[in-house]
Amino acid sequence: MKKLLLTVTGTVTVLILIVSLFSLNQTNRALESKLSKTEKELKTMEQLINQEDKFTDTVANQKKLTVIEEGLRTYLDYDNDTYLTRFDHLKNKATDETIQRLKELSSTNPPLLDVKNQLTELTIYLHPTDELTFLVQLTTEYSLDHEVVSRLPQLYQVTLIETNGEYQISQLTNLDLTATN
């Protein structure tokens, strides 16, 4: 009787262990499936976040490039009528200190002859480590009495400042180098 009781108890125990192992195996597979699905969702979310970051960087860079281009066009595109007023139009594109320095580099009176300066080519290069500093290669055409007298390639270093998500030119340095392709 003891033997029979031990055999039945052992058999029941083995059956319970087999059922438990089978149940654990099924649970394990379900958890692995759920983990795999969660990992895929996580990868998808990471990709979306990376795309969002790239988009945000692209939008920010576009804002910076627009400020630089509009600022340089405002400063360098002028004629007799806009020679002095161009500085007023720089208000949202450059800091007051930068505008004051640019005014100091210019004559306080409009030219006596008929003049026109026009920005004809503009290429902006991003700085590899400083996201607010740019190198700008440009060409201006200067006309006297409606005749082009010079085409001047120039190289500028432009530094921006960010205030409340808006950018302004905080430093504009003519590098006194002739830009060439």
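This section describes the sheet, the salt bridges and selected residues of a predicted model.

The strands form an open sheet of 5 strands. Their order is 1-2-3-4-5, and the pairing is antiparallel. Strand 1 (78–79) and strand 5 (166–174) are the edge strands. Each of these two pairs on one side only.

Strand 2 and strand 3 pair over 11 bridges in the antiparallel sense. The two strands form a hairpin, with 6 residues between them. Within this pairing, tyrosine 125 has leucine 135 of strand 3 as its bridge partner. Strand 3 (residues 133–144) also pairs with strand 4 (residues 147–163). That pairing is antiparallel and runs over 12 bridges. Two positions illustrate the register. Leucine 138 stands opposite glutamine 154 in strand 4. Threonine 139 stands opposite proline 153 in strand 4. In a regular strand, side chains alternate between the two faces of the sheet. The hairpin of strand 3 and strand 4 has 2 residues between the strands. Aspartate 145, in this hairpin, takes a positive phi near 45 degrees.

The structure holds 4 salt bridges. Side chains of opposite charge can pair when their charged atoms come close. Among the salt bridges is one between the side chains of arginine 151 and glutamate 121, with an N to O distance of 3.1 Å. This pair links distant parts of the chain. Arginine 151 lies in strand 4 and glutamate 121 in strand 2, 30 residues apart. Arginine 151 is partly exposed, because its relative accessible area is 44%. Glutamate 121, at 39% relative accessibility, also counts as partly exposed.

Arginine 151 forms a salt bridge with glutamate 141 as well. Here the closest N and O atoms are 2.9 Å apart. This pair, too, links distant parts of the chain: glutamate 141 is in strand 3 and arginine 151 in strand 4, 10 residues apart. Glutamate 141 has a relative accessibility of 21% and therefore counts as partly exposed; the cut-off for a buried residue is under 20%. Salt bridges that share partners join Glu121, Glu141 and Arg151 into one network.

Another salt bridge is found within helix 1. Arginine 73 pairs with glutamate 69, and the closest N and O atoms are 3.2 Å apart. Both residues lie in helix 1. Their spacing of 4 residues is about one turn of the helix. Arginine 73 is partly exposed at 30% relative accessibility. Glutamate 69 is likewise partly exposed, at 32%.

Helix 1 spans residues 2–76 and includes isoleucine 16. Isoleucine 16 belongs to a nonpolar patch on the surface, together with Leu4, Val8 and Val12. The accessible area of the four residues together is about 360 Å².

Threonine 74 is also found in helix 1. Is threonine 74 buried or exposed, and what does its side chain reach? Threonine 74 counts as buried, because its relative accessibility is 15% and the cut-off is under 20%. The side chain of threonine 74 reaches the backbone oxygen of glutamate 70 at 2.7 Å. Beyond residues up to four places away in sequence, threonine 74 touches Arg86, His89, Leu90 and Lys93. The C-alpha atoms of threonine 74 and phenylalanine 87 are separated by 7.9 Å. Those two residues are 13 residues apart along the chain.

Serine 106 occupies the loop between helix 3 (96–104) and strand 2 (115–126). With a relative accessible area of 14%, serine 106 is buried. A polar atom of the serine 106 side chain lies 3.3 Å from the backbone oxygen of leucine 102. Apart from neighbours within four places in sequence, serine 106 is in contact with Tyr83, Arg86 and Phe87. Arg86 is thus listed among the contacts of serine 106 and among those of threonine 74.

Key. Residues are numbered from 1 along each chain as its sequence is written. This is a predicted model: local features need pLDDT of at least 70, side-chain atom pairs count only at pLDDT 80 or more; totals for chains, interfaces and linings use all residues. Side-chain values use heavy atoms; hydrogens and water are left out. Buried means under 20% relative accessible area, exposed over 50%, partly exposed in between (1.4 Å probe, protein chains only). A polar contact is a pair of N or O atoms within 3.5 Å; within protein, one must be able to donate a hydrogen and the other to accept it, and residues adjacent in sequence count only if both atoms are side-chain atoms. Contact means heavy atoms within 4.5 Å. Patches are made of residues with over 30% relative accessible area and no salt bridge: like charges are joined within 9 Å, nonpolar side chains (Val, Leu, Ile, Met, Phe, Trp, Tyr) within 5 Å. Accessible areas come from the Shrake-Rupley method with a 1.4 Å probe; for residues, only the protein chains shown count as cover. Two strands pair if DSSP finds at least two bridges between them.
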